[in-house]
Amino acid sequence: MEGDTASGMVKLRRGLDVLKATGAELRLPFYYGLLAEVCGLDGQVSEALASVATGFAFLNKNGEAWSASELHRVHGDLLLQSGDNLQAQISYRRAREKARETGSRLSELRATSRLDGCSTLGNDPQNATER
């Protein structure tokens, strides 16, 4: 991904505000995941993690299971970016599991690819345990 991340964050936030002002909550987990990715690209990891948490909150509130895999993947990317390889692996495993549950082959491949990348960083993904 390339471009002006600051401008992208402003546009995403504005779009989220407009959408929420209508009372609509459909697809908010996906949009918060996008915002988290852009924040992560801009190096704003704590804000990105907050966006992921908000995305999960809307996912749980509205039952939008289709977005769970990508939120877990983004969460894993952010954890990896912050240096927490083991927790990133756990998030990637959750992403893969959720993708399989919803039949999203692309999301499953993304999560598997990320998980494979973690194993090359020196930690055995089989040893990662959930907290």
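Begin with the pair of helices H3 and H4, whose crossing in this predicted model is left-handed. Select H3, which spans residues 45-62, and then add H4, which spans residues 68-81. The two helices pack at an angle of about 160°, and their axes lie 10 Å apart. Since angles over 145 degrees count as roughly antiparallel, H3 is placed in that class relative to H4.

Next, show the side chains along the H3–H4 contact. On the H3 side, select Val45, Ala48, Leu49, Val52, Gly55, Phe56 and Leu59, and on the H4 side Ala68, Leu71, His72, Val74, His75, Leu78 and Gln81. What classes of residue make up this contact of H3 with H4? Colouring by class will show 10 nonpolar residues and four polar ones, with no charged residues in the contact.

Stay on H4, but turn now to charged side chains by selecting Arg73 and Asp77. These two residues form a salt bridge in which the closest N and O atoms are 3.0 Å apart. Asp77 and Arg73 are four residues apart in helix H4, so about one helical turn separates them. Is Arg73 buried or exposed? With a relative accessible area of 4%, Arg73 is buried, the cut-off for that class being under 20%.

From the same helix, select Glu70 and, together with it, Arg110. Their side chains meet in a salt bridge, with a distance of 2.9 Å from N to O. Glu70 belongs to H4 whereas Arg110 belongs to helix H6 (residues 105-119), so this pair ties together parts of the chain that are 40 residues apart in sequence. The two partners fall into separate accessibility classes: Glu70, at 16% relative accessibility, counts as buried, while Arg110, with a relative accessible area of 34%, is partly exposed.

Now widen the selection to Glu37, Glu70, Arg73, Asp77, Arg110 and Arg114, which are linked in a network of salt bridges. Both pairs already visited, Glu70 with Arg110 and Asp77 with Arg73, can be found among these residues.

For the last stop, follow H6 to Arg105 and Glu108. Glu108 forms a salt bridge with Arg105, and the closest N and O atoms of the pair are 3.6 Å apart. The two are three residues apart in helix H6, so they are separated by about one helical turn. Glu108, at 13% relative accessibility, counts as buried. If you then display every such pair at once, the structure holds 10 salt bridges, including those of Glu70 with Arg110 and Glu108 with Arg105.

How values were computed. Residues are numbered from 1 along each chain as its sequence is written. This is a predicted model: local features need pLDDT of at least 70, side-chain atom pairs count only at pLDDT 80 or more; totals for chains, interfaces and linings use all residues. Side-chain values use heavy atoms; hydrogens and water are left out. A salt bridge is a side-chain nitrogen of Lys or Arg within 4 Å of a carboxyl oxygen of Asp or Glu. Buried means under 20% relative accessible area, exposed over 50%, partly exposed in between (1.4 Å probe, protein chains only). Axes are lines fitted to C-alpha atoms, for helices over the stretch in contact, and angles run from 0 to 180 degrees between N-to-C directions. Angles under 35 degrees count as roughly parallel, over 145 as roughly antiparallel, 65 to 115 as roughly perpendicular and the rest as oblique. A crossing is left-handed if the near helix is turned anticlockwise from the far one by less than a right angle, and right-handed if clockwise. Contact means heavy atoms within 4.5 Å. Ala, Val, Leu, Ile, Met, Phe, Trp, Tyr, Cys and Pro count as nonpolar, Asp, Glu, Lys and Arg as charged, and the others, Gly among them, as polar.
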